[in-house]
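Visitor: I am new to this structure and should be grateful for a close look at one part of it. Please choose a residue, describe its surroundings, and then place it within the whole.

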Amino acid sequence: MKNKLSLKCVGFFLMLAILVLLPFVNDSRTLIILLTQIFIFGILAMSYDILLGYTGIVSFGHAMFFGIGAYTTAVMLKQMDTTLSIFLLSIVVGMLLAGFISFLVGLLTLRLKSHFFAMLTLAFSGLFLVVAEKWRSVTYGNDGFTFRAPELFRDRMTFYFFVLACLVVIFIALYRFVNSPTGRILIAVRENEQRTKSLGYNTLHYKVIASVVAGTVASLAGSLYAVSLRFVNTSVMTMDITLDALLMTIIGGVGTLVGPLLGAGVIEYAQHALSGLARDYPIFERWIIFFGILYILAVIFFPKGIIGSLRMLYWKWRLKIKERKTTGALSQEKERFE
């Protein structure tokens, strides 16, 4: 167990060191922006993994919390001031607002099962999308609005390190959360909710906790996304955002935290690469078709996600080694008796 933890720590710090040093080795503006987007959507995907991977909840309204964070930060920076303190305050306000709304929505919807819950979350998300479209005095509707980022983040590299720091903090916090007693109960709810209830746990209580945690983390991702673009419109609350988070989680591997990060990297890089090929090769002008094919192939060849499939191969390899050792020991015993 200690060896496993030490290997995980070594891998974590090695990857962190690579990401910290990478901008100094390759200062490409395109690479910095791409990695920043991967980090932001990695945070969003990890928040969705708390629902899907650790609690077994499929939500179609996760973009609602992402949009709350994006609009809160954008509106406060536009109407108040563009200082770093206002930006940090907007993140806190967005997370509190998203946490409160996720608490209310959770109480109203989490009593329902499977697709009934999913469709009701989609309805709530649609309601907030309509509010964002119609409240033009604040949100400017579908047109959206631009705003100035804090002076500190005019340099893309500074913003890169800030987003990376947020990613590390959220990863550690969520890792501690899913390995806590509460996290273990959430896994029990995912595996068998009725049996968990029979053990005396109020499963609704724990599912609401998961919903609040996921909503607040998604709000942080939305705030960072808005600042990365210096622009926000109603697209931050559309179904596309929720589907991206869902696919990132599935492709990377549900219930792993690392999987959604890897899924975010794969999807964001694939979008960037395919849209780049479209400028040179006419066949890639409909790159979204190839993107869909990529999704299908990933699900066929990695049904448990990339991390889940690698884990399965690892355990098969361990089992083969154990069988060989057992077979060798039995043959030695047989020779000794003979």
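Guide: The account below begins with one threonine and its partners and then turns to other positions and to the protein as a whole.

The model is a predicted one. The part chosen is Thr-242, which is found in helix H11, a helix made up of residues 239-252. Is Thr-242 buried or exposed? Its relative accessible area is 1%, and since buried means under 20%, Thr-242 is buried.

Which residues surround it, once those up to four places away in sequence are set aside? Thr-242 touches Tyr-48, Ser-59, Phe-60, Gly-61, His-62 and Ala-63. With one of these there is also a polar contact: the side chain of Thr-242 reaches the backbone nitrogen of Ala-63 at 2.9 Å.

Ser-59, another of the residues that Thr-242 touches, deserves a view of its own. Ser-59 belongs to the loop that runs between helix H2 (29-52) and helix H3 (63-79). Although it is placed in a loop, Ser-59 counts as buried, at 4% relative accessibility. Seen from Ser-59, and again without residues up to four places away, the contacts are Tyr-48, Leu-51, Phe-117, Thr-121 and Thr-242. Tyr-48 therefore appears in the contacts of Thr-242 and in those of Ser-59, by the criterion of heavy atoms within 4.5 Å. A polar atom of the Ser-59 side chain also lies 3.2 Å from the backbone nitrogen of Gly-61, a residue that Thr-242 touches as well. For a sense of distance across the model, Ser-59 and Asp-280 are 38 Å apart from C-alpha to C-alpha, with a sequence separation of 221 residues.

A second helix offers another setting. Met-157 lies in helix H7, residues 156-178, and counts as partly exposed at 23% relative accessibility. Beyond its neighbours within four places in sequence, Met-157 is in contact with Pro-23, Phe-24 and Ile-32. Its C-alpha atom is separated by 31 Å from that of Val-254, a residue 97 places away along the chain.

Two loop residues may be considered for their backbone angles. Most residues other than glycine have a negative phi. Tyr-140, however, has a positive phi near 65°; it lies in the loop between helix H6 (136-139) and strand E1 (145-146). Arg-230, also not a glycine, has a positive phi of about 60°, and its place is the loop between helix H10 (203-229) and strand E2 (231-232). As to cover, Tyr-140 is partly exposed, with a relative accessible area of 36%, whereas Arg-230 counts as buried at 16%.

The whole protein provides the frame for these details. Its secondary structure comes to 14 helices and two strands. For 338 residues, a compact globule would have a radius of gyration near 20 Å, and the 22 Å of the protein agrees with this. Along the principal axes, the C-alpha atoms fill a box of roughly 90 × 55 × 40 Å. Buried residues, Thr-242 among them, make up 46% of the 338 residues. Of the contacts between residues at least 6 apart in sequence, 77% join residues at least 24 apart. The accessible surface comes to about 18300 Å², and carbon and sulfur atoms account for 68% of that area. Finally, the protein has 31 positive and 18 negative charges, whose mean positions are 8 Å apart.

Technical notes
Residues numbered from 1 in each chain as written. Predicted model: local features only at pLDDT ≥ 70, side-chain atom pairs only at ≥ 80, totals over all residues. Heavy atoms only, no water. Helix = DSSP H or I, 4+ residues; strand = E, 2+ residues; numbered from the N terminus. Rg over C-alpha atoms; globule rule 2.2 N^0.38 Å. Buried < 20%, exposed > 50% of the residue type's maximum accessible area, 1.4 Å probe, protein only. Areas by Shrake-Rupley, 256 points an atom, 1.4 Å probe, with all protein chains shown as cover. Lys, Arg positive; Asp, Glu negative; His and termini not counted. Charge placed at Lys NZ, Arg CZ, Asp CG, Glu CD. Polar contact = N/O pair within 3.5 Å; in protein donor to acceptor, adjacent residues only side chain to side chain.
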